[in-house]
Amino acid sequence: ERGLAWLAFLRRYGLGACLADDMGLGKTVQLIALLLHEREAGLATGPTLLVCPVSVLGNWKRELRRFAPGLRVLVHHGPDRPGEPDFAREAAARDVVLTTYSLLARDAALLGQVAWNGIVADEAQNLKNPDTLHARALRGLTGGYRIALTGTPVENHLGDLWSLFQFLNPGLLGSREEFERRYAVPIQRYRDEEAAARLRRQVGPFILRRQKNDPAIALDLPDKLKNTELVTLSVQQA
């Protein structure tokens with residue numbers, strides 16, 4: 001409930017949000033709850049674009065069918081996906097359009113024809129390099145709000161965070177050069193605690209991160225079960 005309320009609050013003001021909960025804490029369900037909430041409340045102004053890796057496209061289809069069977073979903077992927085002049089019409093008749101990072105640059109012109117209700121980037125660590133074609137294409141799309149789902153908002157270095165926020169709230173962390181000077185170099189090279197605190201204050205309102213060992217979360221989780229399975233290697237594997 002807290003995750004939904006937080007997403008809904010930032011969505012109301014058109015601000016970008018990064019839901020960075022640990023894997024297994026329900027980022028997918030929280031996002032689907034937001035989609036249902038805004039449609040039941042009459043807040044949706046069009047379809048929401050949801051971008052994910054190809055590897056989880058099937059999972060999104062299953063979860064949307066399971067938790068939100070009433071939402072109209074268009075899967076924009078594969079050789080039979082709609083092109084000119086059908087895509088904009090097909091998208092406008094749906095609540096959610098699912099597509100993949102691999103298609104963003106290739107179909108940027110098509111996707112740019114739609115004024116999206118919102119744009120969601122799942123496994124948003126895929127945006128850690130701001131110079132890739134898919135990252136640039138995603139930043140160029142128009143949407144009412146932007147949401148990133150990732151368990152690893154910083155994967156390699158602080159530059160990942162700057163790139164993520166260029167998608168979520170462009171300009172919040174300044175230019176790449178300003179970010180390097182004010183935050184990345186002092187924090188990573190000199191362990192500057194004051195700079196780290198300033199960065200936490202600046203991005204804190206836009207990131208919600210909860211871990212499995214957080215007291216408020218642990219109470220809601222079932223006990224972990226551990227099973228040891230011994231598997232003998234085949235001749236070829238050995």
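This is a short talk through the fold, the sheet, the cores and the salt bridges of one predicted model.

Okay, let's start with the overall picture. The chain has 11 helices and seven strands. On size, a compact globule of 238 residues would have a radius of gyration near 18 Å, and this chain comes out at 19 Å, so the two agree. If you want box dimensions, the C-alpha trace spans about 55 × 55 × 45 Å along its principal axes. As for burial, 45% of the 238 residues count as buried. And for those of you who think in contact maps: take the contacts with a separation of 6 or more, and 70% of them come from residues 24 or more positions apart.

Now the sheet. What order do the strands take? Reading across, it goes E3-E4-E2-E5-E6-E1-E7, an open sheet of seven strands with parallel pairing. At the edges you have E3 and strand E7, residues 207-208, and each of those pairs on one side only.

Let me zoom in on E4, since several things come together there. Five of its five residues are buried, so to speak a mostly covered strand. In a regular strand, side chains alternate between the two faces of the sheet. In E4, Val96, Leu98 and Thr100 point one way, Val97 and Thr99 point the other way, and all are buried.

Who are the neighbours of E4? On the E2 side, five bridges join E2 to E4, and the two run parallel. Within that pairing, valine 51 stands opposite threonine 99 in E4. E3 is joined to E4 by three bridges, again parallel, and there leucine 74 sits opposite valine 97. Further along the sheet, E5 and E6 pair in the parallel sense over four bridges, with isoleucine 119 having arginine 146 in E6 as its bridge partner.

What lies across these strands? Helix H3 does: it lies across strand E2 (48-52), E3, E4, E5 and E6, and runs at about 165 degrees to E4.

On to the packing. The largest nonpolar core has 39 residues, and the ones with the most contacts inside it are Leu31, Leu50, Trp60, Leu64, Ile147, Phe179 and Leu199. Take leucine 199 as an example. Leaving out residues up to four places away in sequence, leucine 199 touches Leu158, Leu161, Leu173, Phe179, Tyr183 and Ile187. Apart from the largest core lies another one, of 26 residues, and among them are Leu74, Leu111, Trp116 and Leu164. You'll remember leucine 74 from a moment ago, as the residue opposite valine 97 in E4.

Last topic, the charges. Side chains of opposite charge can pair when their charged atoms come close. How many salt bridges do we count here? The total is 12. I'll show you three.

First up, arginine 11 and glutamate 38, whose side chains meet with an N to O distance of 2.6 Å. Arginine 11 is in helix H1 (residues 2-12) and glutamate 38 in helix H2 (residues 27-40), so this pair ties together parts that are 27 residues apart in sequence. Buried or exposed? Arginine 11 is buried, and glutamate 38 is too.

Next, arginine 72 and aspartate 95, with the closest N and O atoms 3.0 Å apart. This pair links distant parts of the chain, 23 residues apart: arginine 72 is in the loop between helix H3 (57-67) and strand E3 (73-75), and aspartate 95 is in the loop between helix H4 (87-92) and strand E4 (96-100). The two ends get different labels: arginine 72, at 44% relative accessible area, is partly exposed, while aspartate 95, at 11%, falls under the 20% cut-off and therefore counts as buried.

Then lysine 128 and glutamate 155, with the closest N and O atoms 2.6 Å apart. Lysine 128 lies in the loop between strand E5 (118-122) and helix H7 (133-139), and glutamate 155 in the loop between strand E6 (146-149) and helix H8 (159-168), so here too parts 27 residues apart in sequence are tied together. Lysine 128 counts as partly exposed at 32% relative accessibility, and glutamate 155 counts as partly exposed at 39%.

One more thing before I stop. Which residues form a network of salt bridges? Arg11, Glu38, Arg39, Arg72 and Asp95 are linked in one. That's what I had, thanks.

How values were computed
Residues are numbered from 1 along each chain as its sequence is written. This is a predicted model: local features need pLDDT of at least 70, side-chain atom pairs count only at pLDDT 80 or more; totals for chains, interfaces and linings use all residues. Side-chain values use heavy atoms; hydrogens and water are left out. A salt bridge is a side-chain nitrogen of Lys or Arg within 4 Å of a carboxyl oxygen of Asp or Glu. Buried means under 20% relative accessible area, exposed over 50%, partly exposed in between (1.4 Å probe, protein chains only). Two strands pair if DSSP finds at least two bridges between them. Contact means heavy atoms within 4.5 Å. Axes are lines fitted to C-alpha atoms, for helices over the stretch in contact, and angles run from 0 to 180 degrees between N-to-C directions. A nonpolar core is a set of buried Ala, Val, Leu, Ile, Met, Phe, Trp, Tyr and Cys residues joined through side-chain atoms within 4.5 Å. The radius of gyration is taken over C-alpha atoms; the globule rule is 2.2 Å times the number of residues to the power 0.38.
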